[in-house]
Protein chains: 2
Amino acid sequence: MITQEIKVTFQPTGRSVYVLPGTLLLEAAGRAGIVLQTPCGGRGTCGKCRVKILDGECPSSAPAESALSSEHVQQGYRLACQTYIDKPLVVEIPAESQFGAAQQILTTHAGRGTVLNPVVRKQYFRLNAPTSKDAISDVARLKAAIGEATIPFHLLLTLSGFLRTHDWQGTAVVAGNRLIGLEVGDTSHDAYGVAVDLGTTTVVGSLFDLATGEEKAVSATMNPQVGFGDDVISRISRVRENQGALAELQQAACKAINSVIHGLCEQTGVDVRHVYEIVIAGNSTMQQLLCGLDPSALGEVPFVQTFDGALTIPAQVLGLAVNPGCEVFVFPQVGGFVGGDTVAGMLAAGLEKAEVPTLLVDIGTNGEIVLAYDGKLQATSTAAGPAFEGARIVQGMRATAGAIEKVVIHDDVLLNVIGNTRPVGLCGTALIDAVAELLRRGIIDETGRILPPDEAPADLPERLLARLVTMNNQTNFLLVPPEQAASGEAIYLWQKDVRELQLATGAIRAGINILLRRVGLTPDELGSVLLAGAFGNFIRRSNARRIGLLPQVPCGHIHFIGNAASLGAPLALLSADERERAERLRRATAHVDLSLDSEFQMEFGMAMMFPLHDLDTC
Amino acid sequence: MITQEIKVTFQPTGRSVYVLPGTLLLEAAGRAGIVLQTPCGGRGTCGKCRVKILDGECPSSAPAESALSSEHVQQGYRLACQTYIDKPLVVEIPAESQFGAAQQILTTHAGRGTVLNPVVRKQYFRLNAPTSKDAISDVARLKAAIGEATIPFHLLLTLSGFLRTHDWQGTAVVAGNRLIGLEVGDTSHDAYGVAVDLGTTTVVGSLFDLATGEEKAVSATMNPQVGFGDDVISRISRVRENQGALAELQQAACKAINSVIHGLCEQTGVDVRHVYEIVIAGNSTMQQLLCGLDPSALGEVPFVQTFDGALTIPAQVLGLAVNPGCEVFVFPQVGGFVGGDTVAGMLAAGLEKAEVPTLLVDIGTNGEIVLAYDGKLQATSTAAGPAFEGARIVQGMRATAGAIEKVVIHDDVLLNVIGNTRPVGLCGTALIDAVAELLRRGIIDETGRILPPDEAPADLPERLLARLVTMNNQTNFLLVPPEQAASGEAIYLWQKDVRELQLATGAIRAGINILLRRVGLTPDELGSVLLAGAFGNFIRRSNARRIGLLPQVPCGHIHFIGNAASLGAPLALLSADERERAERLRRATAHVDLSLDSEFQMEFGMAMMFPLHDLDTC
């Protein structure tokens, strides 16, 4: 049954999502790309996820009172982690409730987070013209005003002329201790930077005001490299097969970034020449292709990266149309497929400071897993395959309009479809939901087999039993009857789909288990599981745990932290100290190559089996 | 009288000079461009100027025994400061007796001088190919072998291909903490650098082996900028008048340096691609023109330089045909016309460590003067004009073949002519000699007037009296009668020449006096006077003092240190520490602008008068 969904609109962004009745407000916000602070794990005790109901009915749930004053409740404040949606709502997200780099930076004044300390600063100067009593060199005169700075030769060539033509006034642009530009007049207030999440599929950029740390706009585009193959392996293969492909792939990435920057500047009216810093975080392959570094060695055992420390590359060399002095900071990488996006996630999560055993899991085609325990960091990556993105699923699709993205099974099936349209197929979250729910109802057994009607539990409601359809000796589960589907054709969860999910889940879970085993931890000793990645953000925690993708820890220990690269890149953009921290994190992290672990195959096989039971609590 | 001159050949260079009988061996060596160590001021007490007579008769003079063992004397060793030449000689100069950067570096093992620590080092590496158990990035693998180094982006682009093509072996070239090249095979023994003395007239380069500090060759060429004017002021004017002239002057300088480097490599068989470092020292104008920095502001009050701190410029940017990774270190400058050559001289002389009040005087068209007193350094420059280079002297010429370069007057006139030919004209040293000798004989009075025969001292020998020739109410002094001159025309010291010398001497001496006065010193309190510059090297100390060019200090306190730029540039080439010391010296030195000193005109006028008396002692 496809229920009527409820519209929830978030302010100040104005983004709307449609959700099933009974959805947690915290989850609805996540669907809108808004990750809220939940240091208490969503137990309603810390009060950090406070939001304000601007319009719509929304009773306050019991534990809220403990973290919110009754006065605040009267004013419309609610805890997103304790509030279930029944009616359409308009909700305001206070900046301090949001989890993210800009918020971490902006809250500095309150004594936490990162101090705003961008690499680039601009300074307006007015010098006295030389006189006989003050005849120091032009360089010394400028430095006396703007502080010690290296002046690159091409700027030195213009310095004397600039000063004399412009009445000894202007604006110096300094990156670190290097002068990168001289501008006519006072442009000191126009200093911007762009943080780029360079994904295999999508490129997302955020424009930040370097003087205030404020995020001015977000813009995204498809990565045109998808024309060379959907995943990183196919793109690496293209380079290995065809020498010219490397340049084409590089140009494609740079073109996408230029397009994103163009979009950001158009939205805000910012001049592209006032963009002085770009920070880019992506996976190992994306980062190497961006730089024009042949990724062939990543395409075969033993998966060698060209570089690990962060790179700083002139934007001009990459053909990025910004200020000519702009440099591009490319995130450090740990090793193999543990790339800059993972380091960005570790940075945003502050993994080096974790006080309890903490797992960071970034779920995508590749799963990257980091374990922080006892001050030590280990990272690995594992090929989950594209199942979570809807690929190789018989009726799978990406999480776009028409995708079933949530499945709840009580007496019958409740579905949530993106865009409130008729369903077209199912995306990764729905796949997990469906399998978890069918496991709970005993319709799928621990080996992953969908039971035929005659083996199904005796107490199964008739409506569910009718959905078990056996074809060619395999049973599939009917999710959408033909008359409700967009195409007029029934949508099933196919037995084959369950197998694909088992492969994907097994790969990630085996990685988690091996990291845990290396330090002698059991899964239940984990104090915190951080879910990153665009996909991780939409997963239902209890369902991910039910299928064994995540270890058996209370849901309160599982936190969504949003897109790793999108969180960490702004930190490095807005603070030189964060760049150093990223470099330290990279160096401190041991890279674990799962293919070397003699027990990986065994772990993988075992992890493909679904758990017999799940924790009782969420 | 032109006496037959004596040939002295120096080994191991093989250079020969012709000198008057009775010339000090120390002075003859100077004429051959070899400056010997004379820490005791040439008093025969320290034994540092020890040389070995390989061929020819040369009795040991008395004080030598004190500093040389009789065994050594028997082996042919002599003290150059105590040995007068009577017969043709072949003399070996031991490396440790020579004053100069290479020697200072080479003697490090004996615990003194500068430690060989060039900015560029080469290292052969053999890496293990990656395996599954050792899959660190290519960058990390290289750094594990060669140490921490920044890898510029253009080299990073080639790194992975290089390692895989060349079996994980090669030679890394590292400048400071930056990789500047990767070479196939083991080329670690081929590392060279060039130190360039970029003079207004001449460009001299020395090729050094960076691994041993050894000087391999010296090569010189005219500065083709002379086509734009002889002196710096005329070249600055050209740039001020014609926008295109700056590029032409820059190209001329770079062409000269390329030609010098080409010559050095041809002499030694060194591949230009194995030249990884270039150090250049020149005056402010030469340095700015080399860099393409408009020197117009140096051409008018208040004489502003574009830069003061040292520059590091890619050799490729200057169009120098050496290794593509080579960088050019351009010496720091103090201010106005106190340029990189003066800083190089201060560096070579170790002025910051001077224990007695010490004056460094670099005599040329511009005189640069530095006073070190009580840990403080002051520097100034003064326009001496071209008299010391033979210009504006009626029968003046440069110190080339045919130039009278020494004048001694006893009963008659003894002359020394360069190249043992008939005289063509007189160069700067002969001008000083002649005037000093005539002052001693009372033929020139303290106002600079050459006395007519009727005013000449009563006891003047007839032969000298006959040389006083009055024309147009002025008396001139006949140096060479027509029958002895190359052209068949008599050569005179003209009254006008004496006036030119007074202007040149007065300018330098006024500068010295003003620096002394600023710290409350009198000239006789100077503990050391260091004479630098190609010209300063050939001056007779007592004669320079007699005409008032130098203060009245004992000759033992006056030391020749050779060409300032040629001495200091190799230090900066062979030691990163010396570069830092040069930078410290530059910063610690106060620039004194004489044009601002209200008493300069008065000092200048007074300094043009010759001293009434000279010290009795040499």
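Reader: By what turn and shift can chain B be laid on chain A?

Author: A turn of 179° and a shift of 0.0 Å along the axis lay chain B on chain A with an RMSD of 0.2 Å. The two copies are thus related as by a two-fold rotation axis. Copies here are superposed by least squares on the C-alpha atoms of residues with pLDDT of at least 70 in both. In general, two copies of a chain are related by a rotation about an axis and a shift along it.

This is a predicted model: local features need pLDDT of at least 70 and side-chain atom pairs pLDDT 80 or more, while totals for chains, interfaces and linings use all residues. Residues are numbered from 1 along each chain as its sequence is written, with chains lettered from A and ligands numbered from 1 in the order written.

Reader: Which residue of chain B comes closest to that axis?

Author: P152(B), with its C-alpha at 7.7 Å.

Reader: Okay, strands next. Which strands are joined to strand 18 of chain B by bridges?

Author: Strands are DSSP runs of E, at least two residues, numbered from the N terminus, and two strands pair if DSSP finds at least two bridges between them. Strand 18 of chain B has five bridges to strand 19 (residues 413-417) of chain B, running antiparallel; there, V408(B) partners L414(B). These two strands form a hairpin with three residues between them. Two bridges also join strand 18 of chain B to strand 20 (residues 425-426) of chain B, running parallel, where I404(B) partners L426(B).

Notes:
Helices (H or I, at least four residues) and strands (E, at least two) are DSSP runs, numbered from the N terminus.
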